[in-house]
Amino acid sequence: MKYTWYRHVRNRETFHVDEVKEGIRYPLTLALFQKRIEGDDSLLELASLRFSESNLGTECYAETIDELERLLRFKPRPETVVSVHMDRGIDLFDEGDRKKVLQFAAEFRHEVYGLVVHDQPEIADRFADYIDVLHRLESALKTLGDGPYLFIEYAVGMEPDHFVELFRETRHLGRVKCCIDTGHTGLRHVRRLYAEKHPGQDACLLEAFQDDLPLIIKDLQDTVVAGIDPVLYLISEIGSLGGPLHFHLHDGHPLHAGPFGVSDHMSFIDRVPIPFEYEGEKSLPLMFGPSGLERIVKESLSMLPSEKVSFSLEIHPSEGRLGLGNASRLFEHWADKGNAERMNFWLSVLTANHKLLREAFRNFLEKR
C-alpha cells in the first residue's frame, strides 16, 4: 500500500487518501479522536501514535476554540486531516451560535476540513427560514476565503424526504453540505417499523434479558435488517446533487446499551449477545455489519468520485483491554495501566474498522 496526500484544487483543502496504484484514489477516512476514557494526556499521545500508524484523519469533538486548540496539539502529523464535531446544541437560528460557527471557521480555516453541526427539530416548521440561514452562512464562509465545509448532520430524526429536500434547495451552495449519520438514520427507521408491528413500543427500550424477548425476536430482527434502506436512499438522493458528502459511520442495534446510553456508535464487527439461541447463534447481527458497510461504500462511490466523499468512524469505546506494546513508554509514570490498555483496545477497534472500510474501498474501486 502506498500513501499519498492529495490537495483539493477548488478550496486548497489538504486531505489524505490511500493510493493502491496509479489512477485509483481512496476517499478521506477519519475516526473519533478523543479521550473518552479517564486519564491524563498520555491517552491522547497514544491516540496520536495509533492514528499515525494507521494513516487516519481525526474527527474531534470541541465546544470551544480553546478545547480544539488543545486537541490539535496532539495531531498525529502536521498534515493530518481534521474535522470538528461542534456542540450538539448549536442552533443555527441563533445569531450567537452562527457567530460561533464562523469564529471556528475563521480561526481554523487552514487546519480544518469540515465543521459538523446537528440538524434541528425546528426545521420542519421553519424550513424556508432555515434555507435562508444556510445561504447567509454560505456567504459569510466565502468571505473567509479558503476554509472548511459546514456539514449539516442528520441527527434529530426528521423525515428522510425532508432532509433530502433541504439539500436539493441548497444544492448550489459550495461550502454548506450534508453529513449522513448511518446509525441515526438506520435506528430511526428500525424504531418506526417496530412500532408499526408493536404499537406504543420503542424498540430501543427493549432489553436483551427481558422474559418475552424470544417471542418478539423475529419481529425485531426483521426491522433491524431494514435499517440500511433509508441510509442507501439518502446516499442516492443527496449524492445525486454532486457532493461533497460526509459520513459519520457506525453500526447499531436496539438491544445495545452503550456506555453513553445510546443504541448505536458500535463497531461494524460487533454482535449483540442474548441469553438464548436465535438462528443457531447466541448473539444477534447488527443493522449493517461488514456487508452493510460495503453496500454503503458501493452506493456512495457509485454516486460520487472519491475526492467528494469523506468517511469518519464515529465508534464509541467498548469494554476490553489490550497491551500497550510500543506505546508502553508513554505510561511509565502510571502505576495502574488499566485505562491505558482500555484506550489501546478502543483504538484497535477503530483500526480494525478502518481496515474493513479500506477493504470495501478496494473491492469497489479496483473492480469497477
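Which residues are linked with K35 in a network of salt bridges? The exercises below work towards this and other points.

The structure is a predicted model, in which local features need pLDDT of at least 70, side-chain atom pairs count only at pLDDT 80 or more, and totals for chains, interfaces and linings use all residues. Residues are numbered from 1 along each chain as its sequence is written, and side-chain values use heavy atoms, with hydrogens and water left out.

**Exercise 1. Salt bridges**

Task: Identify the partners of K35 in its network, then describe the pairs D132 with R136, K142 with E138, and E341 with R321.

Solution.

Step 1. Start from the general idea: side chains of opposite charge can pair when their charged atoms come close. A salt bridge is counted when a side-chain nitrogen of Lys or Arg is within 4 Å of a carboxyl oxygen of Asp or Glu. The whole structure holds 16 salt bridges by this test.

Step 2. The opening question is answered by D41 and R70, which are linked with K35 in a network of salt bridges.

Step 3. D132 and R136 form a salt bridge with an N to O distance of 3.1 Å. Because they are four residues apart in helix 4 (residues 127–143), about one helical turn separates them. Helices are DSSP runs of H or I with at least four residues, strands are runs of E with at least two, and both are numbered from the N terminus.

Step 4. Next, judge the exposure of this pair. Buried means under 20% relative accessible area, exposed means over 50%, and partly exposed lies in between (1.4 Å probe, protein chains only). D132 is partly exposed at 40%, and R136 is partly exposed at 42%.

Step 5. In the salt bridge of K142 and E138, the N to O distance is 3.4 Å. These two residues are also four apart in helix 4, about one helical turn. E138 has 3% relative accessibility and therefore counts as buried.

Step 6. For E341 and R321, the closest N and O atoms are 2.9 Å apart. This pair links distant parts of the chain: E341 belongs to helix 10 (residues 338–365), while R321 is in the loop between strand 12 (309–313) and helix 10, 20 residues apart. R321 is partly exposed at 46%.

**Exercise 2. Backbone exceptions**

Task: Find where R36, H265 and P244 lie, and state what is unusual in the backbone there.

Solution.

Step 1. Recall the usual case: most residues other than glycine have a negative phi, and most peptide bonds are trans.

Step 2. R36 is not a glycine, yet its phi is positive, about 60°. R36 lies in the loop between strand 3 (28–32) and helix 1 (42–54), and is partly exposed at 25%. The charged end of R36 sits over the ring of Y61, 4.9 Å from its centre. For this label, NZ of Lys or CZ of Arg must be within 6 Å of the ring centre and within 35 degrees of the ring normal.

Step 3. H265 also has a positive phi, near 60°. H265 is in the loop between strand 9 and strand 10 (272–278). At 9% relative accessibility, H265 is buried.

Step 4. The peptide bond between G243 and P244 is cis, with omega about 0°. P244 is in the loop between helix 8 (228–239) and strand 9 (245–249).

**Exercise 3. Aromatic pairs**

Task: Classify the ring pairs F104 with F108 and Y154 with F163.

Solution.

Step 1. Rings of Phe, Tyr and Trp (its six-membered ring) pair if their centres lie within 6.5 Å; planes under 30 degrees apart are stacked, over 60 edge-to-face, and the rest tilted. The whole structure has 13 aromatic pairs.

Step 2. F104 and F108 have ring centres 6.0 Å apart and planes at 45°, so this pair is tilted. Both residues, F104 and F108, are buried.

Step 3. Y154 and F163 are 5.0 Å apart, centre to centre, with 85° between the planes, an edge-to-face pair. Y154 is buried at 1%, and F163 is buried at 0%.

Step 4. Ring pairs also join Y26, F247, F311 and F361 into a cluster.
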